[in-house]
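Got the viewer open and a selection box ready? Let's go for a walk through this one, stop by stop.

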Amino acid sequence: MFNRGNRMLKQRNDAQSIRMPVITTFLILICVLVWVLYRETGEKPDSLSGLMKENLNSFRSSVKLDPTVEFRNGTDLIWQIPDSPKAILFLAHGCNGKAANFWDRSPKCPNCVGLPEERLIVLNALARRFAVLVVSSAERCWSFEEERLIVKDIIEWWVVKQKLQSLPLVALGASSGGYFVSVLATDLRFSSITIMIAEGLFDQMDIPKSYPPTLFVHMPKDKRRRVIIERYLTLLKGKGIDVAEIKCMEFALSPNLLADRIPGLDLATSVRLYNLFKEKGFIDTKGFMRNDGRAIKWKAALKEGEIILPDKSIVNHIQEEMNLAFAYHEMTSLQSEHIFNWFETHMS
Ligand SMILES: *[C@@H]1O[C@H](CO)[C@@H](O)[C@H](O)[C@H]1NC(C)=O
């Protein structure tokens, strides 16, 4: 930036058409610009971790996960209703996901997994008085024909059973669940939806005028999806549908991050993992992931580093956070405030 500035100054000096005060002002302007840009990028990781902490701390006292598990239409559904709910949130997981990922293991849900991002989305929802309903897909991923009818049935049945018919209904789907929610929105009346790390199936459907306001939460590092999302934003906007996007960027791991976000993972283990990742070159000197967690042979490194996890299943929790930090394709709760603002401002 300085180089370009100097070159421009030089050209102008050669032309001898600018006096000293103008040049000085110009230089000062450049300095201010550089300082502002530097300050902004320098601040991002801080504000992000600030946001993480704030979120985590505020939950410890106010909301508790307390699920109810049921079976219907050959699948399981898990739900929780806070005091005086103001809306209903339907959540659709990605491939290999299930309802049990959204709540911690407890006597009421012995098979629950409590993946870090999933459980934080539920906690955020409950803190903002959204009733939460999660259904598992019948197969590994969602399918877009009969399964839509089944899920529509389940949601409608559940809403009546819980006597919540008067409340607005919103939906959030991630990856395969994002495609699913994009079409389910033509079967059920959602007041708004969020499609996460997916572009939706807008090429394969008739988009009615009444299609709900749609928020895309995506990771621009996934360039293929980013390009299609840009196209769909224009397409939906052109049909008069309210749309917005949130771009989720990579961030640096810190020694305490895993302990902060994964229940049951202590600080000492978190620090050892961080150091191991650094030693093995999985993260760079600033703590940024060099690759997606799925693509790194980090589980073998665990054995080598003689790190014993409190619970074997925690490897999935750790990997989710690694994927999130790399920001290519992962469920994310970091944008919850934005997402729930979107839902709350589109409830008429
Ligand atoms: C779901 O189950 C209910 C109750 O058993 C049944 O009446 C309904 O037809 C089922 N829905 C679908 C789409 O199979």
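## Stop one: a buried loop residue

Select I197 to begin: 25 other C-beta atoms lie within 10 Å of its own, so I197 is buried. The model you are looking at is predicted. I197 sits in the loop between β6 and β7. Check its backbone while you are there: phi is positive, about 40°, although I197 is not a glycine. That deserves a second look, because most residues other than glycine have a negative phi.

Now step across to M219, which touches I197 along with C248, A327, Y328 and H329, leaving out residues up to four places away in sequence. M219 belongs to the loop between β7 (214-218) and α6 (223-238). M219 counts as buried because it has 23 C-beta neighbours inside 10 Å. Draw a C-alpha to C-alpha distance from M219 to H329: the two are 110 residues apart in sequence but 6.7 Å apart in space.

## Zoom out for a moment

Show the whole chain as a cartoon. You should find 11 helices and eight strands. Of the 348 residues in the chain, 36% are buried. Among contacts with a separation of 6 or more, 65% are between residues 24 or more positions apart.

Next, pick out L89, V132, L133 and A171. In the largest nonpolar core, which has 83 residues, these four touch the most other members. Keep V132 selected and expand to its contacts: beyond its neighbours within four places in sequence, they are W79, Q80, L89, L91, V122, A125 and L126.

## Stop two: helix α4 and the ligand

Select residues 146-161, helix α4. How far apart should its ends be? At 1.5 Å a residue, its 16 residues should span 22 Å, and the end C-alpha atoms are 23 Å apart, which agrees.

Colour E147, V151 and I155, the buried residues of α4. Look down the helix axis and these buried residues fall within an arc of 70°, so they line one face of α4. Turn to the other side and you meet E146, L149, V160 and K161, which are exposed. What lies over the buried residues includes β3 (87-92), β4 (130-135) and α5 (176-184). Just past the helix, K163 has a positive phi of about 55°.

Now bring up the ligand. Which residues surround the ligand? R72, N73, L149, I150 and D153 do. The largest share of this shell, three residues, comes from α4. Sorted by class, the shell holds two nonpolar, one polar and two charged residues.

## Stop three: helix α5

Go on to α5, one of the elements that cover the buried residues of α4. α5 is mostly covered, with eight of its nine residues buried. To highlight the buried ones, select S176, G177, G178, Y179, F180, V181, S182 and L184. Show their partners as well: the buried residues of α5 pack against β3, α4, β5 (169-174) and β6 (192-196).

## Stop four: helix α11

Jump to residues 336-344, helix α11, where S336, I339, F340, W342 and F343 are buried. Viewed down the axis, the buried residues of α11 fall within an arc of 150°, so they line one face of the helix. Their cover includes β3, α3 (116-127), β5, β6, β7 and β8 (243-247).

## Last stop: two glutamates

Select E320, in helix α10 (residues 314-326). Is E320 buried or exposed? With 21 C-beta neighbours inside 10 Å, E320 counts as buried. Setting aside neighbours within four places in sequence, E320 is in contact with L115, P116, E117 and E330. For another distance, try E320 to G293: 27 residues apart in sequence, and 7.4 Å apart in space from C-alpha to C-alpha.

Finish on E306, in the loop between α9 (298-304) and α10. E306 is exposed, because 8 other C-beta atoms lie within 10 Å of its own. Its phi is near 55°, a positive value in a residue other than glycine. To compare backbones, go back to I197, where phi is positive at about 40°.

Terms used. Residues are numbered from 1 along each chain as its sequence is written. This is a predicted model: local features need pLDDT of at least 70, side-chain atom pairs count only at pLDDT 80 or more; totals for chains, interfaces and linings use all residues. Helices (H or I, at least four residues) and strands (E, at least two) are DSSP runs, numbered from the N terminus. The expected span of a helix is 1.5 Å times one less than its number of residues. A residue is buried if 20 or more other C-beta atoms lie within 10 Å of its own, exposed if 12 or fewer, and partly exposed in between; C-beta atoms are placed from the backbone. The arc is that of the directions from the helix axis to the C-beta atoms. Two residues are in contact if their C-beta atoms, placed from the backbone, lie within 7 Å. A nonpolar core is a set of buried Ala, Val, Leu, Ile, Met, Phe, Trp, Tyr and Cys residues joined through C-beta atoms within 7 Å. A residue is near a molecule or strand if its C-beta atom, placed from the backbone, lies within 6 Å of it. Ala, Val, Leu, Ile, Met, Phe, Trp, Tyr, Cys and Pro count as nonpolar, Asp, Glu, Lys and Arg as charged, and the others, Gly among them, as polar.
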